[in-house]
Amino acid sequence: MSGLAITGLIVVAFLAGVDVILDEWELAQPIVACTLVGLAVGDVQDGILLGAHLQLLALGWMNIGSAIPPDAALASVVSAILVCGPAQMSIHNGIAIAVPLAIAGQVLNIFVRTIIVFMAHLVDKKAENGDWRGLDRIHYFDMCLQGLRIAIPAYLVTIVSPQTVQNTLNAVPKVITNGLAIAGGFIVAVGFAMVVNMMASTDLWPFFFLGFALAAVKSLNLIAFGIIGLCMALIYIQLSPRFAVGDIDAAATPGSSTEDEIDRELEDL
Amino acid sequence: MADNATVTTPERKLTHKDMVASFWRSGFFQGSWNYERVQNIGFCFQLIPAIRRLYPDDKQGRADAMKRQLTFMQITPIMASLIGGIMMAMEEEKANGTDIDDATITSLKVGMMGPMAGVGDPIFWGTIRPVLGAFAASLALSGLGIVAPLIFFIVWNAIRLSSRWYLQKIGYEQGTNIVENLGGGLVQKLTMGASILGMFIMGALVPRWTAVNMPLVISKVTTDGKTTVTTLQDVFDQLLPGLAPLLLMFFCLWLLRKKVNAVWIIFLLFALGIFGYWIGLFG
């Protein structure tokens, strides 16, 4: 492959790696990514056809909740290199290798998203100083990591056999990858605890447990939860003596000091 | 409200330029997706133009705003523009002296993110993208060539960009309307209402968005040639669905209140995941 083709390919792989995470421009959707790889390598027709087949395969791979879907970027980019590039793999074989590649990409994604947890704590430190430039830099750095996650394997495929790449990925012990994936499912509990820690006050706990108990009713979706929560909030405010008409002074929030109350009284006068 | 105000500084107002900057930044919303607080960095990143405008030379104000916008965030990316718009309106009011506390802002975000994801996921991920993808794929397979990916790319991005722009605009305008009409005891009512909604939604998100599965076999009973396997998960589910996520969340809350650094809690949970998988507790 020419130097220009390899450069173009790495750029496409990097952008696909970033955008499969962002889910904005959808450059990593197979129909787009395979076409772009085809353009870089000089075989657009095969790229489009492979992309169309993989697109139908990947229709259900979506980022919902904290589940990580099979990775469309690694699958599209690497199989397109093998089909459109000098390896001249058949489209049929390109489709066959796409699924294990998507799983490999998923594992790499789990690793990177784990690393970013620590970057998030670095961002907290920057925020304490109001350093928005620091936040920006870390955010761009995180995106670069995700781009390299696809660009590096894509480059490796152009110099070594696809089998070697696959074997390297398989060499990571299952206990580590599966253990990380499992922990990934429940680490979000720390984020939840942080939010609850901030919001919770004694009179609010009943609402938390109401939500928890109702969560077992699988037919209630989150929109229904929104409606129920909103109605409860309105009813509570209507009935609570704290918010009775003409009794505004008593309506101070639980956290506010007496000083705030005095200020409010003065303002009302 | 304005006649007895003692504010000496001129009113701080977001400009059209800030709206455009925030819209541009919203395209990088998911860049720092992480397991702990998911899209929190991207959301703060999206609000940076507003924060800079509202606290130009007030380092502490900027730091506080960044901290309160770095809490847990998880939503369909396009819908983040709606909440972003509302948050810009809230931050603007707060910077101008309206008494909105940090917990209210967090509660509002949590209260909205679940239901909004419930609207956004099926529309954008469940319908528009797969329909466009399948349509483009069928065009490509029938030999239309480069037209197929172009149609997918252009139509999707036209929908996405216009949705993001208008959702942000609607969020900001409605948010401003709501907050501007808050007088007297209304701020307290908003605070209370947002907290109730937030805590209620949080109660539902903990069991639904935390994934714990314990396939450890407790008992194997064979009656009439049929084997009934009971796993630890079955026991928990019969006792109370979502109990394990709940206990885990309270464990984290307890550690946080003991002033344990969140990074250590995460290390602990990773170790728990790997160890739990190794002994066959989790799967």
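**Exercise 1. Burial and fold of chain A**

What share of the 269 residues of chain A counts as buried?

*Solution.* Start with the cut-off: buried means under 20% relative accessible area, exposed over 50%, partly exposed in between (1.4 Å probe, protein chains only). By that rule, 52% of the 269 residues of chain A are buried. Next, the secondary structure: chain A has 12 helices and 0 strands. Helices (H or I, at least four residues) and strands (E, at least two) are DSSP runs, numbered from the N terminus.

This is a predicted model: local features need pLDDT of at least 70, side-chain atom pairs count only at pLDDT 80 or more, and totals for chains, interfaces and linings use all residues. Residues are numbered from 1 along each chain as its sequence is written, chains are lettered from A and ligands numbered from 1 in the order in which they are written, and side-chain values use heavy atoms, with hydrogens and water left out.

**Exercise 2. Two residues of chain B**

Is Lys17(B) buried or exposed? Is Gly31(B) buried or exposed?

*Solution.* Place Lys17(B): helix H1 (residues 16-26) of chain B holds this residue. Lys17(B) is exposed because its relative accessibility is 64%. Now Gly31(B): it sits in the loop between H1 and helix H2 (40-54) of chain B. Gly31(B) has 1% relative accessibility, so it counts as buried. Finally, take Ile41(B): it is 10 residues from Gly31(B) in sequence and 8.2 Å away in space, C-alpha to C-alpha.

**Exercise 3. Domains of chain B**

How far apart are the C-alpha centres of domain 1 and domain 2 of chain B?

*Solution.* Set the bounds, which come from an automatic or database domain assignment. Domain 1 of chain B covers 16-206, and domain 2 covers 210-278. Their C-alpha centres lie 32 Å apart.
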